[in-house]
Amino acid sequence: MDTKKTFGWKGSDAFIRVKNHLGDNGPTDVGDAQGFSNIDNVSRTHLYELWFEQKLLTDRLRFKVGKIDANAEFAVVQIAGDFLNSSMGYSPTIVALPTYPEPRLALNIAVRPKQHYQMEVGVFRTNKDGEMLIGEVGRDWKLGALELGGRSSFGGWRLTGPVAGFDGNRLAGTQGFYMVAEQALWSRKRSKPESEEKVSAFLQYGNADAKVSPFTRHLGGGIVMESLFAGRPHDAIGVARSEEHTSE
């Protein structure tokens, strides 16, 4: 809901999303470690997101509060959104990230101090008694005569305790960090404004504590080709690889 059109309140939006999922939860049968499908879950209907967002200072300051999907704000790999494997969406080293299938109550604050730079922090409730504190800084750019777009981000997170370790002990908390980089390698505009043929690449890295996380390091990357056919500007095809080191 655009509150300016509805109530005359400038710079704000409200959003509600209800999800219904039917069928079996595939990962229970496959036994995968990285999440072979990021749209699979147990059968149910529930309130997925409900949040309010306010922008101030010519959109340089942004507040967002409510039930929020953390991966819509943090550790995002924009060009890898069509991959079904969960590791392409965010690094699996991030323990208990409040994202699909159950976002959590949160408060996010984002600042754009100058053009092409952004900083964001968030406090999320978890599925237990603690909170997740997460922060990210990022930068975007355009390269060459073709103005090929790119971006990078670096983030850190902390999960407050008590957190159960693999040795049975209860820890005061755990933490880790991640990095994301994306770059368009080639593009060609067509006659229709929304149709742009493009080839892009992405890289991911994540690191976490071996006492808590089943994955201590994660390295991923891939290439995506968008809008190969003029009549289907929103289609994409890609290939990616995700490698993880376990804590065992």
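These exercises work through the strands, cores and salt bridges of a predicted model.

**Exercise 1. The sheet**

Task: What is the strand order of the open sheet, and which strands lie at its edges?

Solution.
- Step 1. Read the order. The open sheet holds 11 strands, arranged 1-2-3-4-5-6-7-8-9-10-11. Their pairing is antiparallel.
- Step 2. Find the edges. Strand 1 and strand 11 (236-246) each pair on one side only, which makes them the edge strands.
- Step 3. Add the angle. With direction ignored, neighbouring strands of this sheet are turned by 15 degrees against each other on average.

**Exercise 2. Strands 5 to 8**

Task: How many bridges link strand 5 to strand 6, strand 6 to strand 7, and strand 7 to strand 8?

Solution.
- Step 1. Take strand 5 (residues 117-125) and strand 6. They pair in the antiparallel sense over nine bridges. Tyr 117 has Arg 139 in strand 6 as its bridge partner. The two strands form a hairpin, with five residues between them.
- Step 2. Move to strand 6 and strand 7. Here the antiparallel pairing runs over 12 bridges. Leu 133 stands opposite Arg 158 in strand 7. This pair also forms a hairpin, with four residues between the strands. Gly 144 sits in that turn and has a positive phi of about 70 degrees.
- Step 3. Finish with strand 7 and strand 8 (residues 170-189). They are antiparallel and share 13 bridges. Gly 155 faces Tyr 178 in strand 8.

**Exercise 3. The nonpolar cores**

Task: Which residues touch the most other members of the largest nonpolar core, and which strand supplies the largest share?

Solution.
- Step 1. List the best-connected members. The largest core has 19 residues. Ile 94, Leu 97, Phe 124, Met 132, Ile 134, Trp 157 and Tyr 178 touch the most other members.
- Step 2. Trace the strands. Strand 6 (131-143) and strand 7 (148-164) each give at least two residues to this core.
- Step 3. Pick the main supplier. Strand 7 provides the largest share, three residues.
- Step 4. Look beyond this core. Another core lies apart from it and has eight residues, including Val 77, Ala 80, Phe 83 and Val 224.

**Exercise 4. A salt bridge between strands**

Task: Which parts of the chain does the Glu 49 and Arg 17 pair tie together, and is Glu 49 buried or exposed?

Solution.
- Step 1. Check the contact. The side chains form a salt bridge at 3.4 Å, N to O. The cut-off is 4 Å.
- Step 2. Place the ends. Glu 49 lies in strand 2 (residues 44-56) and Arg 17 in strand 1 (residues 12-21), so the pair joins parts that are 32 residues apart in sequence.
- Step 3. Assess burial. Glu 49 counts as buried because its relative accessibility is 6%. Arg 17, at 35%, counts as partly exposed.

**Exercise 5. More salt bridges**

Task: How many salt bridges does the model contain, and which residues form one network?

Solution.
- Step 1. Take the total. The count is 14 salt bridges.
- Step 2. Inspect Glu 73 and Lys 64. Their side chains meet at 2.7 Å, N to O. Both residues are buried.
- Step 3. Turn to Arg 241 and Glu 243. This salt bridge spans 3.5 Å, N to O. Arg 241 is exposed at 59% relative accessible area. Glu 243 is partly exposed at 37%.
- Step 4. Collect the network. Salt bridges with shared partners join Glu 53, Arg 62, Lys 64, Glu 73 and Glu 120.

Terms used. Residues numbered from 1 in each chain as written. Predicted model: local features only at pLDDT ≥ 70, side-chain atom pairs only at ≥ 80, totals over all residues. Heavy atoms only, no water. Buried < 20%, exposed > 50% of the residue type's maximum accessible area, 1.4 Å probe, protein only. Core = buried A, V, L, I, M, F, W, Y, C linked by side-chain atoms within 4.5 Å. Pairing = 2+ DSSP bridges. Axes fitted to C-alpha atoms, helices over the stretch in contact; angles between N-to-C directions.
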